[in-house]
2 protein chains.
Amino acid sequence: MPGEDNVIYIGNKSVMSYVLAVVTQFNNGLSEEVVIKARGRAISRAVDTAEVVKNKFMPGVEVKDIKIGTEVLTGEGGDKANVSSMEITMVTKAKE
Amino acid sequence: MPGEDNVIYIGNKSVMSYVLAVVTQFNNGLSEEVVIKARGRAISRAVDTAEVVKNKFMPGVEVKDIKIGTEVLTGEGGDKANVSSMEITMVTKAKE
């Protein structure tokens, strides 16, 4: 499915490993847009990732959109818990 | 200074205490806009706060804007560290 490859899910690894994933995604030339997704406590790591990409590695990339939401997780016992989610869309800036 | 009162800074307290602060700020009728600010690991708590306000307490309020950035903190010894920051602006929806 096109468009799925450009999503980076943030988990418990170091910020740098996600930065590398985002930079690689942009540099392979297949996508001009990369979406960083995170839930719960990983949300702050998603922001770190976007900021490091933009400030340290790819000055030609900017944050296009940020969305927040709530997802419902259902446990094995059927118990439900709400968890916050976040999506940061990064794009290559238009050439001037 | 007008406009400063409507900023809620997220720290290490429970999400509910910040939810209460935001709801109170809207309900005192002085501001139609409340800004939630957080840095570092408190960023995920800021998202939780915005989501709980919107979904559980104030359906008439929506997220207008989300900004992320990087701040430089200087330690006592002069050492510097970058920390991610976030601002979520919430507004009362326009009456239809």
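This report describes the fold of chain A, the relation between chains A and B, and a selection of side-chain pairs and contacts.

The structure is a predicted model, and the values below are computed from it. Chain A contains two helices and four strands, and from the N terminus onward these elements follow the order β-α-β-α-β-β. Computed along its principal axes in the computational sense, the C-alpha trace of chain A spans about 55 × 30 × 20 Å. Of the 96 residues in chain A, 41% are buried, and the surface that chain A exposes comes to about 5800 Å², with carbon and sulfur atoms supplying 49% of that area. When contacts in chain A are restricted to residues at least 6 apart in sequence, 66% of them join residues at least 24 apart. Chain A carries 12 positive and 13 negative charges, and the mean positions of these two sets lie 4 Å apart.

**Relation between the chains**

In general, two copies of a chain are related by a rotation about an axis and a shift along it. Here chain A is superposed on chain B by a rotation of 180° with 0.0 Å of shift along the axis, at an RMSD of 0.0 Å, which is the relation of a two-fold axis. Within chain A, the C-alpha nearest this axis belongs to A:Ser44, at 2.8 Å from it. Because 100% of the interface residues of chain A are also interface residues in chain B, the copies meet through the same surface.

**Salt bridges**

Over all chains, a search of the whole structure finds ten salt bridges, and three of the pairs are listed here with their N to O distances.

| Acidic residue | Basic residue | N to O distance |
|---|---|---|
| A:Glu71 | A:Arg39 | 2.7 Å |
| A:Glu51 | A:Lys54 | 3.4 Å |
| B:Asp65 | B:Lys67 | 3.6 Å |

The salt bridge between the side chains of A:Glu71 and A:Arg39 has an N to O distance of 2.7 Å. This pair links distant parts of the chain, since A:Glu71 lies in strand 3 (residues 61–74) of chain A and A:Arg39 in strand 2 (residues 33–39) of chain A, 32 residues apart. A:Glu71 is partly exposed, at a relative accessible area of 31%, and A:Arg39 is partly exposed as well, at 43%.

The pair formed by A:Glu51 and A:Lys54 is placed within one element, as both residues lie in helix 2 (residues 42–57) of chain A, three residues apart, about one turn of the helix. Are the two partners buried or partly exposed? With a relative accessibility of 3%, A:Glu51 counts as buried, because that value is under the 20% cut-off for a buried residue, whereas A:Lys54 is partly exposed, with a relative accessible area of 22%.

In chain B, the closest N and O atoms of the salt bridge between B:Asp65 and B:Lys67 are 3.6 Å apart. Both residues of this pair count as partly exposed, B:Asp65 at 32% relative accessibility and B:Lys67 at 48%.

**A buried residue in helix 1 of chain B**

B:Gln25 belongs to helix 1 (residues 15–27) of chain B and is buried, with a relative accessible area of 13%. Which residues is B:Gln25 in contact with, leaving aside its neighbours within four places in sequence? They are B:Asp5, B:Asn6, B:Ser31 and B:Val34.

Definitions and conventions
Residues are numbered from 1 along each chain as its sequence is written. Chains are lettered from A and ligands numbered from 1 in the order in which they are written. This is a predicted model: local features need pLDDT of at least 70, side-chain atom pairs count only at pLDDT 80 or more; totals for chains, interfaces and linings use all residues. Side-chain values use heavy atoms; hydrogens and water are left out. Buried means under 20% relative accessible area, exposed over 50%, partly exposed in between (1.4 Å probe, protein chains only). Contact means heavy atoms within 4.5 Å. Accessible areas come from the Shrake-Rupley method with a 1.4 Å probe; for residues, only the protein chains shown count as cover. Lys and Arg count as positive and Asp and Glu as negative; His and the chain ends are not counted. The place of a charge is taken as NZ of Lys, CZ of Arg, CG of Asp or CD of Glu. Copies are superposed by least squares on the C-alpha atoms of residues with pLDDT of at least 70 in both. A salt bridge is a side-chain nitrogen of Lys or Arg within 4 Å of a carboxyl oxygen of Asp or Glu.
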